[in-house]
Amino acid sequence: YVSTAVGAAKAFKSVLRMYLPAKWLQWNTQYMELLAALGMSSTLTPAMILLCAKHLHESFTGQSGPLPDKDEKKGEKRKAGEEEEEEEDPMPPELVMSRCSGQSDFNDVWQRTDAHTDYLKHDRATYKLKGKNFFAYFWHDDEDPDSMGWYIAREVGSEELFAVNKRHNDALIPPGPGDWEIQVQDKADKRINEPDCGFARIPKETPPAKAAKIGEGGGDAMAEDESATPK
């Protein structure tokens, strides 16, 4: 059974009393073996952990009742007027590529696509250049580790590569600037490293409520906000 001599069970001995066998049962080895055979666990169960957590909550807050869940906490933040931070999507629906001089057409929005998931056999995102047939994808091949990396080609899996990045094989999305080798336009046999070229997340627009708060500060605040807005 759960020993109250050490650890969390010792700290919450009084709280867990209802889950422990009676003293007269503990003194008899055969009875304890029977309880173990019936399924009495030697570790804290989820119900026991929840009971300990509830006890801690009541001790520190003085509030009784069920523990507040995540949705309740969000509701409290809304009432208090606090801003909620949205979780960042590890593989956003769109990325933007910039500062690519060797292939200037790449400097545009790229949109996530699931069309080649079965062929590539991995969970990383593939992106298609908006309005054009170019794909940025990760190539994984256990039999040929040297070939693994991020590629840009007209077709997924094509041998004609327009860009290569093999230094960020742990990335879930096409990597940012630093290590992209871009094919020089009209020279299929030549690729050069472009340290400023790469992918990036598209910045989110300022929420209307936040923009209104900035405007309440007067002309200086508005001017400051306008100067901070990318042109």
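In the predicted model, F199 has a relative accessibility of 5% and therefore counts as buried, the cut-off for this class being under 20%. The residue belongs to strand β9, which spans residues 198-201. Although F199 and L95 are separated by 104 residues in sequence, their C-alpha atoms lie 6.4 Å apart. L95 is also one of the residues that F199 touches beyond four places in sequence. The other contacts of F199 in this category are V96, M97, W110, A136, I152, P174, P175, G176, P177 and W180.

F199 is also among the residues with the most contacts inside the largest nonpolar core, a set of 21 residues; M97, F106, W110 and I152 share this position. Two or more residues of this core come from each of β1 (94-98), β3 (126-129), β4 (135-139), β5 and β6. Another core, of eight residues, lies apart from it and includes Y137, A153, V156 and V164. With neighbours up to four places away in sequence set aside, F106 contacts M97, C100, L129, F134, I152 and F162.

Strand β6 comprises residues 161-165, and five of its five residues are buried. Pairing of this strand was found with both β5 and β7. Strand β5 (residues 149-153) runs antiparallel to β6 and is joined to it by four bridges, with Y151 having V164 of β6 as its bridge partner. The pairing of β6 with β7 (residues 181-183) is likewise antiparallel and extends over two bridges. Here V164 stands opposite E181 of β7. V164 thus appears in the bridges to Y151 and in the pairing with E181, and is also listed in the core of eight residues.

How values were computed
Residues are numbered from 1 along each chain as its sequence is written. This is a predicted model: local features need pLDDT of at least 70, side-chain atom pairs count only at pLDDT 80 or more; totals for chains, interfaces and linings use all residues. Side-chain values use heavy atoms; hydrogens and water are left out. Buried means under 20% relative accessible area, exposed over 50%, partly exposed in between (1.4 Å probe, protein chains only). Two strands pair if DSSP finds at least two bridges between them. Contact means heavy atoms within 4.5 Å. A nonpolar core is a set of buried Ala, Val, Leu, Ile, Met, Phe, Trp, Tyr and Cys residues joined through side-chain atoms within 4.5 Å.
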